[in-house]
Amino acid sequence: MIDALTHKPWVDDPLYGGMSPAAAEASWRAAQARREEDERWLRGPPRDFTPLPKGPEDYGFSPQAGIIPLGAPFSTLTPVAWKGTEPTQQRWLAHGRIPSGDLTICSGNGGAGKTETVVQLLVSVAAHLGDWLGCVVESGPGLFLSCEEPEANIRDRIERICRHRAIDPHAIENLHLYFPDLESTWLASADSSGRITKTPLLQQVEEWIASNKPRLVVIDSIAAVFDGEAIARRQVRSFLAMLRKIARDHETAIVLLDHPSVRGMSDGSGTANSVDWRNSVRAMLHLSDSEKDDPDVRRLEVKKNNYGRSGEKVTLRWNGLTFTTDNLGAASPYRAAAEREIDDLFLRLLDKRNAQGRPVRPSRGRGYAPAEFANDPEAAGVAASAFAAAMERLYSGAKIVTVITGPKSKPVRHIESAPGR
């Protein structure tokens, strides 16, 4: 006698293919339904059927942008098309860390200081300060979509950071903040079939970006804005592709804040959920927790950089107002004295250049201050990298400022000594 609880004869029966009779029947009915649908199409398409467009322009095909929408004709290009044209240079919101026109994830454990550091970045960009935690940044409007922290907390951060930088927070017109209702923070949601769609909030954000052309958009955080399966590959890639398209279309840098998983916290990788979160963005930063022997210290690390070198590590210290890159640990008095000499030399050369009507700029390229000063006869062999470090110290100490001249349509930025330094 066969015990039905311990032996199921249909498991080895090729008639059922390893399925129970009920499952086999359901599979047959589904196949029959597909066959009936195919037969209806053979007799002619449904009345409400809309044929696909036929011309490349109807598909929105853009070979210049390298974007081929779903269903577009397959069309290639060759390097011959590049002859006589200049390659597009990578543009950076924060040099070497956050690319413009693309998507970056900034991760960190809860309480490590992610929000604090990105608010510092927003203030620097919107207030035209020109630097952020040891690197040069571009200037322009910024948007902070805060889906976790209330207005009072963000205001406190901004006012502390501005006090540290000796600027008036109430005069920053280019820093825009938005605090959606905590029950309506989703930017994308998944339907019953798993398809990711934009929410009205994301549509509003995209319209605002199109109208205001911000240089930086910060979204806090992934857990609050993605209403899908965080480990579902297709859903993750679809959501990030939406944000990357917005970033590319409007040449803005979008930074997504994220909390790492338990494994990401333990191994220091900063990753969370599916690996597609990391694989689908072009850059990734991670802010570590404080060290055991010094709770005021953090480490910001470039974990991924598709457009440059990854691995940069910046040690930060909490100074009572915000994070700084000032000298840490027991730096020798000889080193401190040497750095003061370079700082003084930077200021002398800066004053000389401005007196000559030959201003220098905080961003890389033509007129970049550290490079210009390294070529000055008075530099006496001081390298551009040493002048770059001095520039960051002087900015952090509010001894130099970025001044904007020219029309609003084409502003020009240069460095001057801070009044009454």
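Here's a quick tour of the inside of this protein: its cores, its cavities and a couple of its cysteines.

Keep in mind that this is a predicted model. The structure has two cavities of 30 Å³ or more, and helix H2 turns up in the lining of the largest one. H2 also provides the largest share of the largest nonpolar core.

**The nonpolar cores**

- In soluble globular proteins, nonpolar side chains tend to be buried together.
- The largest nonpolar core here is made of 36 residues, and the ones touching the most other members are Ile 98, Val 123, Trp 132 and Leu 216.
- Helices H2 and H3 each give two or more residues to this core, and so do several strands, including S1 (92-94), S10 (216-220), S12 (253-258) and S14 (297-305).
- H2 puts in seven residues, the largest share.
- Val 123 is worth a look: leaving aside residues up to four places away in sequence, its contacts are His 128, Leu 129, Ile 158, Ile 161, Cys 162, Ile 167, Ile 172 and Leu 175.
- There's also a second, separate core with 30 residues, among them Leu 103, Leu 143, Val 225 and Met 242.

**The largest cavity**

- This one holds about 150 Å³ of space.
- It's lined by 17 residues, and those closest to its centre are Gln 120, Asp 131, Leu 133, Arg 165 and Phe 323.
- Helices H2 (114-126), H3 (151-165) and H11 (384-396) each give two or more residues to the lining, as do strands S4 (131-132) and S16 (323-324).
- The lining is a mix of six nonpolar, eight polar and three charged residues.

**The second largest cavity**

- Its volume is about 40 Å³.
- The residues around it are Ile 98, Cys 106, Thr 117, Val 118, Leu 121, Trp 132, Val 255, Leu 285 and Leu 300.
- H2 gives the most to this lining, with three residues.
- Eight of the lining residues are nonpolar and one is polar, with no charged residues.
- Two names may ring a bell: Ile 98 and Trp 132 line this cavity, and both are among the residues that touch the most other members of the largest core.

**Cysteines**

- The disulfide count is zero.
- Cys 135 has a relative accessibility of 5%, so it counts as buried, the cut-off being under 20%.
- Cys 147 is buried too, because its relative accessible area is 5%.

Technical notes: Residues numbered from 1 in each chain as written. Predicted model: local features only at pLDDT ≥ 70, side-chain atom pairs only at ≥ 80, totals over all residues. Heavy atoms only, no water. Disulfide = S-S within 2.5 Å. Buried < 20%, exposed > 50% of the residue type's maximum accessible area, 1.4 Å probe, protein only. 1 Å grid on protein atoms, 1.4 Å probe; cavity = no way out; pocket = protein on both sides within 12 Å on 5 of 7 lines; lining within 4 Å. Points joined across faces, edges and corners; volume = space filled by probe spheres on them. Helix = DSSP H or I, 4+ residues; strand = E, 2+ residues; numbered from the N terminus. Nonpolar A, V, L, I, M, F, W, Y, C, P; charged D, E, K, R; others polar. Core = buried A, V, L, I, M, F, W, Y, C linked by side-chain atoms within 4.5 Å. Contact = heavy atoms within 4.5 Å.
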